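User: I'd like to go through this model piece by piece. Could you take my questions one at a time?

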Amino acid sequence: MNPEPEQPNHDEARRTFLKQSSLLTAFAFTPGPVLQAAAAEIDEKVASAFEKVPVRLDINGQKHKLSIEPRTTLLDLLREQLGLTGTKKGCDYGQCGACTVHIDGKRVNSCLTFAVMQEGKEITTIEGLANGDKLHPMQEAFIKHDGFQCGYCTPGQIMSAVACIREGHADSDDEIREYMSGNICRCGAYANIVSAIQEVKNGGQKV
Amino acid sequence: MNQFQYVRPTKQKAAIDALAKDANAQIIAGGTNLIDLMKRGVMAPQKLVDINKLPLNKIERDGSNTRIGALALNGVVAEDKLVLEKHPLLAQALNAGASAQLRNMATVGGNMLQRTRCHYFYDTALPCNKREPGSGCGALEGFNRMHAIFGFSDKCIAVHPSDMSVALVALDATVLVSGPKGDRRIPFIDFHRLPGDTPQKDTNLEPGELITAVDIPDAPFTKNVHYLKVRERASYAFALVSVAAALNIENNTIKDARLAMGGVAHKPWRLTEAEKSLVGKPATEETFRQAAEVAMRGAKAFKYNQYKLKLAPNSIVQALKTAAAVA
C-alpha cells in the first residue's frame, strides 16, 4: 500500500475556495497560523483552515506518514485515502456501528473522530484481524453461525465482538446483547451473532 | 462540513488562550457529539482546540472527594474500582448511556456539554431558538413527544440528553473549571441552565473556560442506589424519562435520599422536595408514591408528551423500589 497517497492539488483548492468567500480572504493577510501559534504558546500541531496536518499512524501493524485535511474522519481516511474499504460507512453519525475499529485496542466509531486527532495511535481494522490467510476465530465463528446476511454491518460487528470478549462483557446472552447494542444489523442476524460470540468465548481461544 | 483551524495544545494555559481568543472556537475531546453536529451543519466552529494531550484523565481521591478528570473516558469511569465502590450510581448511569464504542470515546467533560437531541435543533431547515436565536421554537407547537415537562420556556422546550449528568446532580457533584480569569468551582446543580430567553446557552461556563474535573463528595449512597432509564428500545437510545435514586436506609427507615430525573427538563432535574419527603419514612412503596407526587408538582405537558406525566412518577417509584430492594 502506498503510505503517501496522492493528494489533490492543494494550491488550486485554496484558490477556488478563496474566490468563494471574501470573508475568508482575511486569513490571507493575517500572520501564518504557525506564527500565531508560537505567539500564543500553542505547541504541537497547528493547521489553518486550508492546510493539511502531518500525522503518523500505525494501521494494522504498518506505519503510515500521512498528510491529512483536518476535516477528514478516521473512517474516510481509511476508506478514501488508504483503500481499506473493509470498514464500512453506514450512518456516518455514530448510530449504527458499521465503522467500528480498534484504536489502541479499544473499539470506537471511526466516523466520529477526526484522523488528525489520532496522531501516534495504533489502529486495527477488519483487514488487520486475520493472521495471513488464517481467519480470526471470530471471523470463523460468524461464518459457521451465519452471523450475517447482506454482510454490510459484519466488519463492524466482528470488530465489536472481539472487543466485547476482550473487555469481559460476553458472559451471558443478555450481556452480549447489551454490549453489542452499538452495532445495528438491519437483516436481523442478531441471534446468530450472539451464538458466534458465545462459541468463541466458550472456546477459550485467544482473541 | 465547514473548514476549521485545528490546534492541539499540550498545556492547559495554551488551550484556554486558544479558546478565549476566538469566539468561534470549540474544544474537541471525544468528538462524538461535536463531529455529529458539524457534519449536519448545526455547529460550525472556525477553530477546534483538541485537548486530548492535556493530562486531565485521572480518577483519584482528593480529601473526601473522588476527583474525575474531564478527559476520563465514560467507559473507563463506568468500570473504575473507586467509582464502583464509592459512587455506583454514577457507574450505572454511564453504562446506561450510548454504546460501548461511544463510551470508549466520550469524555466526562464532553458528556456534560452534550447538546440536546431535539429534532428541531438538529434539523437546520426547521426553526430553533437554541441553534438560531430568534427563529422560534418548532417543538412548542410541533412534534414534541421527547420534550420537557419541567422548567421550559416559550423559547425552548428541549431536554438535556446526558445520563451521567443526572447521576452527578443527584450526588452533589462540583464542576472544576479553569479560564482566563482563573479557576472556579461550580456546583453541578448550577452548571446547566434553564432555557429562559437564552436557550442558546446550555451551561453557565464563561467564554474561554475549560472543564478540568468533577468532584464527587463521599456520601453513604453506596448500596441502595438505582439508575432507571426508560427508552424505546432495550439499549442504546436516549431516555424518555430516567431516574437516579440513592437512599441511605437504616432499620428500614430512610435516613437520607437523593433523587434526580433526566429527559424531563433543559437540565438534569434534581428533586429536592421529593428527597425531603422521603427522609424519616419507612422504605415502602407508599412512601415512594408520595415522593413521586411531590416530584411531579408543577409538571406540564405538551400535545405529544402527555405520557410523561404518568411515566415520570411511575419511574420514580420503580427506581426507588429497586434502590431499596422493595419487591
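**A walk through chains A and B**

Analyst: Happy to. One thing up front: this is a predicted model. Let's start with helix H4 of chain A, where strand S3 of chain A is among the elements that cover the buried residues.

User: How many of the eight residues of H4(A) are buried?
Analyst: The buried ones are A:Leu74, A:Leu75, A:Asp76, A:Leu77, A:Leu78 and A:Gln81. Helix H4(A) spans residues 74-81 and is largely enclosed by the rest of the structure, because the buried share of its eight residues is six.

User: Which residue with a positive phi follows H4(A)?
Analyst: Look just past the end of the helix. The phi there is near 70°, and the residue is A:Gly83.

User: Along strand S2 of chain A, which side chains point to the buried face?
Analyst: The side chains of S2(A), residues 53-59, alternate between two faces. A:Pro54, A:Arg56 and A:Asp58 point to one face and are not buried. The other face, with buried residues, has A:Val53, A:Val55, A:Leu57 and A:Ile59.

User: What is the order of the strands in the open five-stranded sheet of chain A?
Analyst: Pairing in this sheet is mixed. Its edge strands are S3 (62-68) and S5 (106-109), each pairing on one side only. Neighbouring strands are turned by 40° against each other on average, ignoring direction. Reading across, the order is S3-S2-S6-S4-S5.

User: How many bridges pair S2(A) with S3(A)?
Analyst: These two strands form a hairpin with two residues between them, and A:Asn60 in the turn has a positive phi of about 50°. Across the pair, A:Pro54 stands opposite A:Ser67 in S3(A). The strands pair in the antiparallel sense, and the number of bridges is seven.

User: Do S2(A) and S6(A) run parallel or antiparallel?
Analyst: Strands of a sheet pair through backbone hydrogen bonds, in either sense. In this case A:Asp58 stands opposite A:Glu122 in S6(A). Two bridges join S2(A) to S6(A), and the direction is parallel.

User: Which residue of S6(A) stands opposite A:Ile103?
Analyst: Strand S4(A) is joined by two bridges to S6(A), residues 122-124, and the two run antiparallel. The partner of A:Ile103 in S6(A) is A:Ile123.

User: Which helix of chain A lies across S4 and S5?
Analyst: Its residues are 154-166, and it runs at about 40° to S4(A). That makes the answer helix H6 of chain A.

User: Which strand gives the most to the side of domain 1 of chain A that touches domain 2 of chain A?
Analyst: Chain A is divided into domain 1 (10-128) and domain 2 (137-203). In their contact, 13 residues of domain 1 meet 11 residues of domain 2. The domain 1 side divides into five nonpolar, six polar and two charged residues. With three residues, the strand that gives the most is S4 (residues 100-103) of chain A.

User: Over to chain B: how does its radius of gyration compare with the globule rule, and what is its value?
Analyst: Chain B has 13 helices and 12 strands. For 327 residues the globule rule gives 20 Å, and the chain B value is close to that, so chain B is as compact as a globular protein of that length; its radius of gyration is 19 Å.

User: What share of the residues of chain B count as buried?
Analyst: Here a residue is buried if 20 or more other C-beta atoms lie within 10 Å of its own. Of the 327 residues of chain B, the share is 54%.

User: Which helix packs on the open four-stranded sheet of chain B?
Analyst: The sheet has the order S9-S10-S11-S12, with antiparallel pairing. Its edge strands are S9 (224-230) and S12 (269-270) of chain B. The helix touches S9, S10 and S11 of chain B, making about 35° with S10(B), and is H13 (residues 308-324) of chain B.

User: How many residues does chain B put into the contact with chain A?
Analyst: Among the elements of chain B that each supply at least two residues are strand S1 (5-7) and helix H1 (12-20). That side divides into 12 nonpolar, 10 polar and eight charged residues. Chain A gives 35 residues to the contact, and chain B gives 30.

Note on methods: Residues numbered from 1 in each chain as written. Chains lettered and ligands numbered in written order. Predicted model: local features only at pLDDT ≥ 70, side-chain atom pairs only at ≥ 80, totals over all residues. Rg over C-alpha atoms; globule rule 2.2 N^0.38 Å. Buried ≥ 20, exposed ≤ 12 C-beta atoms within 10 Å, placed from the backbone. Contact = placed C-beta atoms within 7 Å. Nonpolar A, V, L, I, M, F, W, Y, C, P; charged D, E, K, R; others polar. Domains from an automatic or database assignment. Pairing = 2+ DSSP bridges. Axes fitted to C-alpha atoms, helices over the stretch in contact; angles between N-to-C directions.
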